[in-house]
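Open the model in your viewer and keep the selection tool at hand. The tour makes two stops.

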Amino acid sequence: MPTIIYHDEDADLGALAGETMAVVGYGNQGRSQALNLRDSGLRVVVGNIGDAARQRATEEGFEALSIADAVTRADVVMLLIPDEVMPEVYERDVKPGLKPGKCVSFASGYNVAFGRIAPAAELDVILVAPRMIGPGVRDRYVDGKGFPSFVAVHQDATGRAKARMLALAKGIGSTRSGCVEMTMAQEAELDLFTEQAFGPAMGLAIQQSIELLIAEGYPPEAVLLEIYMSGELAYTAQRFVDTGLIAQMDFHSHTSQYGSMSRAAKLMDIDLRPRLREHLDDIRSGRFAAEWTKEQENGLPVFNFMREARTQIPLWEWEQRARKAFRLDEK
Ligand code: NDP
């Protein structure tokens, strides 16, 4: 089946005319999405647990309520709180106010995909999941640019779920860039794969390169600068987006190009895929989600141990030294 990608012309803000959006959570995504929706002409109230963020929302011109009151007022409820706390908040503060025909919108497929939240059958259930951090959602809207999202209709109780999903995506500014249709499970799985397989594999290449070079006598500060701390890697990664992963090679010298291509060929015998697949299988089977739920129920012993252990590896010390040497924390 061909991939379906929605743009501005596919979405009509009119689908939400006369409806009230409740943005639940005024954090990274919540604040940016609420501001964007309002600037797109939609009616928004904010629901938040704590006083500080509620106060901020009020100062920024929103009617800010408790979560339960915001849900009661709304036709479309956007859950923009951390995924870990969402099932409990949903059960306690959201579910009672979700009358038939309302729409509940997620920015992550995790809780629905792994059965942590099971919205009632008479609700529209949609996903609008930005591929952009919260501040970027606002900045790119203000700059007139877009940011991509993954979108899904998980449940269509009213016959209007898709139109609502597209209107929300347009309202936050995402159809300017393009919204890829998929299932909530696919969104959750792709997200977790990037975090659990691709990210660690890339991190391993970085860490082992650094360890090798320092063991070979190169100054740690120089090694860190060379590998990533100069910002050249980040700059080049932006070129992957701007011109393409392969085409950006033209920005590098011929020596660099020849060396990269010829030596990449020599590494081709390393097949990471079986190991990456193990991680994907853990995700798809629900094993990771079950493990993570249990870890939270147990009070996060492994999580806290690993966070502590991060500071015990040599890279931590090298990094502190190099950051100080280059005065990075002063900039
Ligand atoms: P944040 O961590 O920024 O959420 C903070 C908000 O959640 C605050 O309003 C906070 O209220 C509220 N909150 C925290 N704990 C609780 C609780 N126990 N009960 C009720 N409210 C609580 O979340 P994000 O914006 O990062 O993520 C929101 C959603 O967006 C998630 O589903 C996430 O997966 C998704 N997403 C996030 C992206 C990102 O880049 N961050 C990208 C794409 C999707 P208070 O301040 O009063 O404590």
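Select Q29 and the ligand. A backbone N or O atom of Q29 sits 2.8 Å from an oxygen atom of the ligand. Keep in mind that this is a predicted model.

Add Y26 to the selection. Here too, a backbone N or O atom lies 2.8 Å from a ligand oxygen atom. Now pick G50. One of its polar backbone atoms is 3.0 Å from an oxygen atom of the ligand.

How much of the ligand's accessible area does the protein cover? On its own the ligand has 910 Å², and the protein covers 71% of that.

Next, show the whole shell. It holds 23 residues around the ligand. Y26, N28, Q29, N48 and D83 come nearest. Colour the shell by class: 14 residues are nonpolar, 8 are polar and 1 is charged. Then switch to cartoon view and find two helices, α1 (28-39) and α4 (86-94). Each supplies at least two residues of the shell.

**Second stop: a helix pair**

Leave the ligand. Select helix α8, residues 184-215, together with helix α9, residues 220-229. Two packed helices are described by the angle between their axes and the distance between the axes. For α8 and α9, the axes come within 10 Å and cross at roughly 145 degrees. The crossing of α8 past α9 is right-handed.

Which residues meet at this contact? On α8, show I206, S209, I210, L213 and I214 as sticks. On α9, do likewise for their partners P220, V223, L224, I227 and Y228. Colour these by class as well: the contact has 9 nonpolar residues, 1 polar residue and no charged ones.

Terms used
Residues are numbered from 1 along each chain as its sequence is written. This is a predicted model: local features need pLDDT of at least 70, side-chain atom pairs count only at pLDDT 80 or more; totals for chains, interfaces and linings use all residues. Side-chain values use heavy atoms; hydrogens and water are left out. Axes are lines fitted to C-alpha atoms, for helices over the stretch in contact, and angles run from 0 to 180 degrees between N-to-C directions. Helices (H or I, at least four residues) and strands (E, at least two) are DSSP runs, numbered from the N terminus. A crossing is left-handed if the near helix is turned anticlockwise from the far one by less than a right angle, and right-handed if clockwise. Contact means heavy atoms within 4.5 Å. Ala, Val, Leu, Ile, Met, Phe, Trp, Tyr, Cys and Pro count as nonpolar, Asp, Glu, Lys and Arg as charged, and the others, Gly among them, as polar. A residue is near a molecule or strand if one of its heavy atoms lies within 4 Å of it. A polar contact is a pair of N or O atoms within 3.5 Å; within protein, one must be able to donate a hydrogen and the other to accept it, and residues adjacent in sequence count only if both atoms are side-chain atoms. Accessible areas come from the Shrake-Rupley method with a 1.4 Å probe; for residues, only the protein chains shown count as cover.
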